[in-house]
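User: Please take a close look at one part of this model, the packing of its helices against each other and against the sheet, and follow it wherever it leads in one connected account.

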Amino acid sequence: MSSKKFPRTKLAVTGGIGSGKSYVCRLIEQAGHPVFYCDDEARRLIVSHPLIRRELTQLVGPGVYAADGSLVKPVLGAYLCRGREAAARVDAIVHPRVAEAFRAWAEARAGRMVFMECALLFEAGFDRLADETILVTAPLELRLQRIMQRDGVTRAKALQWMALQWSDEQRMARADRVICNDGRADLAAQVADLLRG
């Protein structure tokens, strides 16, 4: 892990699926800091951005959008589960537009410390948009439990989703700071320490 120079204005929070990064970001919001959620913005742009709609339709097929314009999630999900190459093709369409949206959002809050929550922070190269990166970690079995309970999926499906992301070891080699969310470490104290710098 490296140590970034201060002042920090843009901080990015990442972690594998089931790590609890969204919960950490809610604690950050409760402390008064704005958070940009990349997945939420991607979901919004997928249905509202005309170029994304056109390019996804060309890539996945006309069945990816319903007649009312909404995204047919099982169709996109089936395409994504073909593996890393398929996911990379979708990401190449969506990620540049999400990055543009984050830049505009952060610029509108100039002078404030702002946060981005991004599951694929390093995979997408979004770490280049931040002054500091924070990795939220949790043990594999705990992550699996959280995913299965939250999404109602099998262990095999949860592991399949995990396989589409980097490992914690890969993320740790790039992250500036790590927050442990194993259910035992004091999460609130770690977040407070983060916000103090």
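Analyst: In this predicted model, the axes of H2 and H3 come within 6 Å and cross at roughly 80°. Because angles of 65 to 115 degrees count as roughly perpendicular, H2 and H3 are therefore roughly perpendicular to each other. The contact is made by Leu45, Ile46, Val47 and Ser48 on the side of H2, which meet Pro50, Ile52, Arg53 and Leu56 of H3. By character, the residues of this contact between H2 and H3 divide into six nonpolar, one polar and one charged.

Two residues that H3 brings to this contact, Ile52 and Leu56, also belong to the largest nonpolar core, which has 34 residues and in which Phe36, Ile52, Leu56, Val94, Val98, Met116 and Phe126 touch the most other members. At least two residues of this core are supplied by each of helix H2 (38-48), helix H3 (50-60), helix H4 (73-80), helix H5 (84-107) and strand S3 (114-117). H5 provides the largest share, 10 residues. Valine 98 gives a local view of this packing: setting aside residues up to four places away in sequence, valine 98 touches Phe36, Cys38, Ala42, Leu45 and Phe126. Leu45 thus appears both among the contacts of valine 98 and among the residues of H2 that meet H3. A second, separate core of 16 residues includes Cys25, Phe115, Val136 and Leu194.

The sheet on which these helices rest is open and consists of five strands in the order S2-S3-S1-S4-S5, with parallel pairing. Its edge strands are strand S2 (35-37) and S5, each of which pairs on one side only, and the twist from one strand to the next averages 25°. H5 packs on this sheet, where it touches strand S1 (10-14), S2 and S3, and the direction of H5 makes about 165° with that of S2. H2, in turn, lies across S2 and S3 and runs at about 50° to S2.

Within the sheet, S1 is mostly covered, with four of its five residues buried. S1 is joined to S3 by four bridges, the two strands running parallel, and leucine 11 has phenylalanine 115 of S3 as its bridge partner; Phe115 is itself one of the residues of the second core. Four bridges also join S1 to S4, again with the strands running parallel, and here the bridge partner of valine 13 is isoleucine 134 in S4.

From isoleucine 134 the pairing can be followed on to the edge, since S4 (residues 132-137) and S5 are parallel and joined by four bridges, with arginine 177 of S5 as the bridge partner of isoleucine 134 and valine 178 of S5 as that of leucine 135. In a regular strand the side chains alternate between the two faces of the sheet. Strand S5 (residues 177-180) shows this alternation, with Arg177 and Ile179 pointing to one face and buried, while Val178 and Cys180 point to the other and are not buried.

Threonine 137, also in strand S4, counts as buried because its relative accessibility is 11%, below the 20% limit for buried residues. Apart from its neighbours within four places in sequence, threonine 137 is in contact with Ser19, Asp168, Met172, Val178, Ile179, Cys180, Asn181 and Asp182.

Note on methods: Residues numbered from 1 in each chain as written. Predicted model: local features only at pLDDT ≥ 70, side-chain atom pairs only at ≥ 80, totals over all residues. Heavy atoms only, no water. Core = buried A, V, L, I, M, F, W, Y, C linked by side-chain atoms within 4.5 Å. Buried < 20%, exposed > 50% of the residue type's maximum accessible area, 1.4 Å probe, protein only. Contact = heavy atoms within 4.5 Å. Pairing = 2+ DSSP bridges. Axes fitted to C-alpha atoms, helices over the stretch in contact; angles between N-to-C directions. Parallel < 35°, antiparallel > 145°, perpendicular 65-115°, else oblique. Nonpolar A, V, L, I, M, F, W, Y, C, P; charged D, E, K, R; others polar.
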